[in-house]
Amino acid sequence: MDAKTTTTVSLIDLEPELEDFRQAVVEGLSSAPQKTLPCKFFYDAAGSALFDQICGLKEYYPTRTEIGILEACADELAELIGPDRLLVEYGSGSSIKIRILLDHLKLAAYMPLDISRDHLLHSAQKIANDYPALDVLPVCADYSQLTNLPEYSANPGLRKVGFFPGSSIGNFTRKEAGEFMRNVARQLQPGDGLIVGVDLKKETGLLRAAYNDQSGVTAAFNINLLKRINEELSGEINLQGFEHNAVYNEELGRIEMHLVSQLEQQIKLGDQAFELAMDETIHTENSHKYDLTEFQQLAESAGFKASRVWTDANNWFSVHYLER
Ligand code: AVJ
């Protein structure tokens, strides 16, 4: 036996799936003129694994760029934040970037929030094994809907720092991003911090390539949403009848992912049917891109002070430290 004792992490389950997948699909496919499907349903086990694969693609610059920035600024962050904090990660996924912070900040506790229950538990347990002194409290929740954090009962007054990496904030519209940050501000006390990774506006060729990779992993990630509808909702969608396409919407400053119908066809779901014309698209995800000052202004209008920002040498990605 290993001499080191490992504690089993226990999950706080806010049961996010009670919000109906079926209802969201019916609503999105009924929407006119643009059919939609919500991107938060990408992350079943297969989707989470595909997303991890996306993060390693040569065209997908955000992950490695943000990791480089975090490694370079971690000591400064540690100094700004100070020891003995509860770090709350909004959408923890595979919990890789958090290790950079755990290695530099002297945190007391870590609360990863994620919608994908099994993936969350598995990642949280690995962190708990690797950082035995850290109190790990995984919370299964949809952070876009969450108004209050579960209380950290071991020490309710513990100062917090939020962590929202990966430009996940880009999934929100600019207005929603402001509302999300205002909501996070309410979960923090004055002096607490929020670390946010934000993807920046850049040459559109680089953006399009990052979301239309050569090996087709992003396409598989997008199509997986239709596969979930078939498997979980007994849908009858011909997966060969759709192609992935990501376009940059200049006016709204965002990448949009679409599923493009290759023919005139019907999507059947129970006793309902949805008609798609040839070339009609289902809009599945937005990934908003910001200017540095534009993002700082948005954060300030949400109740934060934009204290520090770090970028990479190409100015492709940014990591902001916002102070409540
Ligand atoms: C997880 C929302 C940050 O927008 O870049 C990656 C998701 N979609 N490739 C992004 C995604 C397709 C990703 N975020």
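Two residues are in contact when heavy atoms of theirs lie within 4.5 Å. Ile229 gives a case: leaving out residues up to four places away in sequence, Ile229 touches Phe21, Val25, Leu37, Ser234, Gly235, Ile237 and Leu269. The model is predicted, so local features need pLDDT of at least 70 and side-chain atom pairs count only at pLDDT 80 or more, while totals for chains, interfaces and linings use all residues. Residues are numbered from 1 along each chain as its sequence is written, and side-chain values use heavy atoms, with hydrogens and water left out.

Ile229 also belongs to the largest nonpolar core, which has 36 residues. Such a core is a set of buried Ala, Val, Leu, Ile, Met, Phe, Trp, Tyr and Cys residues joined through side-chain atoms within 4.5 Å. Buried means under 20% relative accessible area, exposed over 50%, and partly exposed in between, with a 1.4 Å probe and protein chains only. Val25, Leu37, Ile229, Phe242, Ile267 and Ile282 touch the most other members. Several elements give two or more residues to this core, among them helix H1 (21–30), helix H7 (204–211) and strand E9 (242–249). Helices (H or I, at least four residues) and strands (E, at least two) are DSSP runs, numbered from the N terminus. H8 supplies the largest share of the core, 7 residues. A second, separate core has 34 residues, including Val139, Leu149, Leu194 and Ala306. In soluble globular proteins, nonpolar side chains tend to be buried together.

Now turn to the ligand. The ligand is surrounded by 14 residues, each with a heavy atom within 4 Å of it. The closest are Tyr60, Gly166, Tyr211, Glu285 and Ser287. Helix H2 (45–55), helix H8 (217–233) and strand E13 (281–288) each supply at least two residues of this shell.

Three side chains make polar contacts, pairs of N or O atoms within 3.5 Å. An N or O atom in the Tyr211 side chain is 2.5 Å from a ligand oxygen. Glu285 places a polar side-chain atom 2.6 Å from a ligand nitrogen. For Ser287, a side-chain N or O atom is 2.6 Å from a ligand oxygen. Taken alone, the ligand exposes 350 Å², and the protein buries 97% of that (Shrake-Rupley method, 1.4 Å probe).

Last comes Ser167, in the loop between strand E7 (160–164) and helix H6 (174–187). Why does Ser167 count as buried? Its relative accessibility is 8%. Beyond neighbours within four places in sequence, Ser167 is in contact with Gly197, Val198, Asp199, His288 and Phe317.

Note on methods. A polar contact is a pair of N or O atoms within 3.5 Å; within protein, one must be able to donate a hydrogen and the other to accept it, and residues adjacent in sequence count only if both atoms are side-chain atoms.
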